[in-house]
Amino acid sequence: MLFISAMSLNMLAVISRKSITLDETVMIPSAYYHLAAGNFQLVDDHPPLSKILAGIPLLFIQPKELQLDEVKLPPDSSGAEKKLEPNTPEAEFAYQARFWQDNRAQFNAISFWSRVPMIALTAALGVLIFVFTRDLFGPRAAVLAVALFSLEPTMLAHGRVVQTDVPAAFGFLFVCFALHRYLMERSWRRSLVLGLACGIALLSKFSTLIIAPLLLIIFAMLLWRINETGERKALTLHAALVIVVTVLVIQAAYFFQSRSLVPSDVVWINWAFPANSNLVEKSVRTLSYILPTDFVIGAFWQLWHSNQGHPASLLGMYRQNGWWYYFPVAFSLKTSLPFLMISISAISWATYEVVRRRTRSVLILLIPFACYTLLVMMSPINIGVRYYLPAYTFLFMLGGTLLDRLLRVTKPRFLGTVVVAILLAWSAIEMFRSYPNYMTYMNQLAMSHPKWWYLSDSNVEWGDDIKELADYLHARGETRIQSAVLGGFLILPFYDIENFELLAPVDEAQFPRTRYVAIGASCLNGSTSPGRAIDGTDQSNEKRVNRFAGYRNRVPEAVFGDSIYLYRLQD
């Protein structure tokens, strides 16, 4: 299809210009170790679908593979060598650092090819949107839905990244599509496909666990409505088949391996769940008879993370546990205005169709959209609109259907066609205007303040503009810099820039003088600043978020990708 092909080429062009993101510095090594070494403990806080996809091209590139005992930690203050325990933050950091260091000559190849499968998955998501919309509302609505999908900057930004967000959008929509097909004709073949879809969804992101209670409710309602014994028995068998296939798909992703708990697992459980550590440990051990241990631990890690919250910023405010209205606000700012207007109109139109006309077809999209929206609004993890991507797909489908309805307007003549043409042209203009800086895109509602004032973290900076910063420095004969840039500590040296890390708890006075300092947008915001001062002591939240406040009103010499601000320190 033309739109999907153009979108794929667009993202391929972007990854040739952009460096990897901060998260990909960890995700890509873990992807290779998952496939090549069967090591599932690296980044086990995320399920492995994105890692499996990203790791496939690396099997052909064949980076150097490390074993755990090959990686050493720096000695402690007494000079003794520290032991590297598996499944610890130290092990994860040591692995990813050594992976990139030992494969320095292949840095660009690894960075590029590991992201290509993510683009292929995004294209597959576009195909799924087309097929699902065509089934419900016809081919023209399907084409319009794909057009909205392929032009939206947020999809273009995250459709190329090795992370869990677009895989989650694909998995969640696949479940809804398979469920729709199953409800249209209940058969063992379609229940098998539904199980496959559930397995893929659960391997994409732990937030898709929401499908378990939803499917339980749906099958319970079906059983309650059926009176015939034969049909009830068939439905029960179908439900069992869905569960078995789901478990088999998850087990296959872990090569049907489920390790025993190691001491570091038990230590973490006791630390993360002090009041219920025995219960959690028993739950993990019990569930590990059915599901892989690393999958189970990852789910509990996400539960712990939700309880802890995460430092975030919204409209100049700072909180650890987020805001219930964060995602509606972030969506309103990070979505192009034409698509924002289409989305609001489509939700209103679909609600009217359900309430006044009892139209059931739109319920298939409205219910999962509403459920996922409520889920993320309850989440205290407010670090990126990317967490909301699984809900976007339903808006593309509803939006395409609404545009299709507008094209049918005949009084006054051509009015609907003109409106649709204007909205699509405006969407295309926004896409071209923001190229290639889709990651930091914000619409015209965010014009009165710098972007970092409105949102933080991956919304405004994720490290993928480091290559452009390095090229700028090299063009001016510079080979070193002081920086507070997400991912700069690891990525800058691969572009032959010596980096003096301002985010580390060290005395900045010890740094050699450099001509420039680079501050990332999220660091200007302050939400991602570490909680320790330069002398290693804890500092108040006010001091932490204002660590780089002195740069906020300074005029930068250059800005890269709307995410990295470069300031001249000396001539």
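Contact here means that heavy atoms lie within 4.5 Å. I keep that in mind throughout these entries, and I note at the outset that the model is a predicted one.

**Entry: Ser114**

I began with Ser114, which lies in helix α5. Setting aside the neighbours within four places in sequence, I found Ser114 in contact with Ile28, Ala54, Leu58 and Val162. Is Ser114 buried or exposed? Its relative accessibility is 0%, so I count Ser114 as buried. I also looked for a polar partner, and the side chain of Ser114 reaches the backbone oxygen of Ser111 at 3.4 Å.

**Entry: Ser19**

Next I turned to another serine, Ser19, which I found in the loop between α1 and α2. Ser19 has a relative accessibility of 1% and therefore counts as buried. Which residues does Ser19 touch, not counting residues up to four places away in sequence? I listed Arg115, Gly463, Asp464, Asp465, Ile466, Lys467, Ile491 and Tyr495. With one of these, Gly463, there is a polar link as well, since the side chain of Ser19 reaches the backbone oxygen of Gly463 at 3.1 Å. I also took the distance from Ser19 to Ile217: the two are 198 residues apart in sequence, and their C-alpha atoms are 44 Å apart in space.

**Entry: helix α6**

I then checked the length of helix α6, which covers residues 139-151. With 13 residues at 1.5 Å a residue, α6 should span 18 Å, and because its end C-alpha atoms are 19 Å apart, I note that the two values agree. How many of the 13 residues of α6 are buried? The count is ten, so I describe α6 as largely enclosed by the rest of the structure. The buried residues of α6 include Ala141, Leu144, Val146, Phe149 and Leu151. When I asked what covers them, I found several helices, among them α1 (2-15), α5 (107-137), α16 (337-357) and α19 (415-434). The covering elements also include α7 (153-158) and α18 (389-406).

**Entry: the five-stranded sheet**

In what order do the five strands of the open sheet stand? I read the order as β4-β3-β5-β7-β6, with mixed pairing. The edges are β4 (498-501) and β6 (558-560), each of which pairs on one side only. Ignoring direction, I find that neighbouring strands of this sheet are turned by 30° against each other on average. Helix α21 (residues 466-475) packs on the sheet, where it touches β3, β5 (516-520), β6 and β7 (564-568), and its direction makes about 25° with that of β7.

I went through the pairings one by one, starting at strand β3 (residues 480-484), which runs parallel to β4 and is joined to it by four bridges. Along that pairing, Ile481 has Asn499 in β4 as its bridge partner, and Gln482 stands opposite Phe500 in β4. Strand β3 also pairs with β5 in the parallel sense, over three bridges, and there Gln482 stands opposite Val517 in β5. Four of the five residues of β3 are buried, so I record this strand as largely enclosed by the rest of the structure.

The pairings that involve β7 run the other way: β5 and β7 pair in the antiparallel sense over five bridges, and β6 and β7 pair in the antiparallel sense over three bridges. Leu566 in β7 is the bridge partner of Ala518, and Leu566 is also the bridge partner of Ala558. I note too that β7 is mostly covered, with four of its five residues buried. In the hairpin of β6 and β7, which has three residues between the strands, I saw that Gly561 takes a positive phi near 65°.

**Entry: cysteines**

Last, I searched for disulfides and found zero in the structure. Why is Cys176 not bonded to Cys371, which holds the closest cysteine sulfur? A disulfide needs the two sulfur atoms within 2.5 Å, and the sulfur of Cys176 is 8.9 Å from that of Cys371, which is too far for a bond. Cys176 has a relative accessibility of 11%, so I count it as buried. Cys523, at 0% relative accessibility, therefore counts as buried too.

Notes: Residues numbered from 1 in each chain as written. Predicted model: local features only at pLDDT ≥ 70, side-chain atom pairs only at ≥ 80, totals over all residues. Heavy atoms only, no water. Helix = DSSP H or I, 4+ residues; strand = E, 2+ residues; numbered from the N terminus. Expected span 1.5 Å × (residues − 1). Buried < 20%, exposed > 50% of the residue type's maximum accessible area, 1.4 Å probe, protein only. Polar contact = N/O pair within 3.5 Å; in protein donor to acceptor, adjacent residues only side chain to side chain. Pairing = 2+ DSSP bridges. Axes fitted to C-alpha atoms, helices over the stretch in contact; angles between N-to-C directions.
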